[in-house]
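Colleague: I am new to this structure and would love a close look at a single part of it. Could you start with the surface spot you find worth showing, and then walk me through what surrounds it?

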Amino acid sequence: MLIAVTSSDGKHIDTHFGKADRFLVYEVGVGEPALLYEVQAPRYCGGTGPGHSLMADKLAAIATGLGACRVVVTAMIGESPKEEMERLGVDIISISGPVIDVLKEVIKLY
């Protein structure tokens, strides 16, 4: 199974979804989680502060860029973008921690 994470250093899930300009995609489920590739994406949050309007076009671009990856683990995400990503078929899980440890726990949900 492919799971993407938001990470500033590739070791920890520590980046807010809206601030991520890349998603690290891992193969999870057989052996140790393994980094397969990185997806560059438009940064969802442009620093306009809380209450900015939903930017469905950016979320659609992120979902499309993730391809077959239908799960994103991120440190934080606003409720509206989370709902829109889930409407687009991408599950969102908000949790921080070491990438490998978190992915080993997340895969148990699937």
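Modeller: Let us start with Leu109, which counts as exposed because its relative accessibility is 63%, and the cut-off for exposed is over 50%. Please keep in mind that this is a predicted model. Leu109 sits in the segment after α3, the helix that covers 99–106. On the surface, Leu109 joins Met1 and Tyr110 in a nonpolar patch, and together the three have about 320 Å² of accessible area. For the chain as a whole, about 5700 Å² is exposed, with 56% of it supplied by carbon and sulfur atoms.

Close by in sequence is a charged pair. Glu105 and Lys108 form a salt bridge, with their closest N and O atoms 3.1 Å apart. Lys108 is exposed, at a relative accessible area of 61%, while Glu105 is partly exposed, at 47%. Helix α3 also holds Lys104, a partly exposed residue with 34% relative accessibility. Setting aside neighbours within four places in sequence, Lys104 is in contact with Glu32 and Pro33. From Lys104 to Glu32 there are 72 residues in sequence, but 8.0 Å in space between the C-alpha atoms.

It helps to place this part within the whole chain. There are 3 helices and 7 strands, and along the sequence they follow the pattern β-β-β-β-α-β-α-β-β-α. The radius of gyration is 13 Å, close to the 13 Å that the globule rule gives for 110 residues, so the chain is as compact as a globular protein of that length. Its C-alpha atoms fill a box of roughly 40 × 25 × 25 Å along the principal axes. Among contacts with a separation of 6 or more, 49% are between residues 24 or more positions apart.

Now for the inside: 40% of the 110 residues count as buried. The largest nonpolar core has 19 residues, and those touching the most other members are Phe17, Phe23, Ile62, Leu66, Val72 and Met85. Two or more residues come from each of β1 (2–5), β3 (22–27) and α1 (56–66), and α1 gives the most, with 4 residues. Beyond its neighbours within four places in sequence, Val72 is in contact with residues including Ala4, Phe17, Phe23, Leu66 and Ile92. A second, separate core of 13 residues includes Tyr26, Val28, Val71 and Leu103.

A polar residue can be covered too. Thr15, in the loop between β2 (12–13) and β3, is buried, with a relative accessible area of 13%. Leaving out residues up to four places away in sequence, Thr15 touches Thr6, Ser7, Ser8, Ala20, Thr74, Ala75 and Met76.

Let me return to charged pairs, since side chains of opposite charge can pair when their charged atoms come close. The chain has 4 salt bridges. One of them joins Arg22 and Glu38, at 3.1 Å from N to O. Arg22 lies in strand β3 and Glu38 in strand β4 (residues 34–40), so the pair ties together parts that are 16 residues apart in sequence. Glu38 is partly exposed, at 39% relative accessibility. Another bridge links Arg87 with Glu84, whose closest N and O atoms are 2.8 Å apart. Both residues lie in helix α2 (residues 79–87), 3 residues apart, which is about one turn of the helix. Arg87 is exposed, at 59% relative accessibility, whereas Glu84 is buried, at 11%.

Technical notes: Residues numbered from 1 in each chain as written. Predicted model: local features only at pLDDT ≥ 70, side-chain atom pairs only at ≥ 80, totals over all residues. Heavy atoms only, no water. Patch = residues over 30% accessible without salt bridge, like charges linked within 9 Å, V, L, I, M, F, W, Y side chains within 5 Å. Areas by Shrake-Rupley, 256 points an atom, 1.4 Å probe, with all protein chains shown as cover. Salt bridge = Lys/Arg side-chain N within 4 Å of Asp/Glu carboxyl O. Buried < 20%, exposed > 50% of the residue type's maximum accessible area, 1.4 Å probe, protein only. Rg over C-alpha atoms; globule rule 2.2 N^0.38 Å. Contact = heavy atoms within 4.5 Å. Core = buried A, V, L, I, M, F, W, Y, C linked by side-chain atoms within 4.5 Å.
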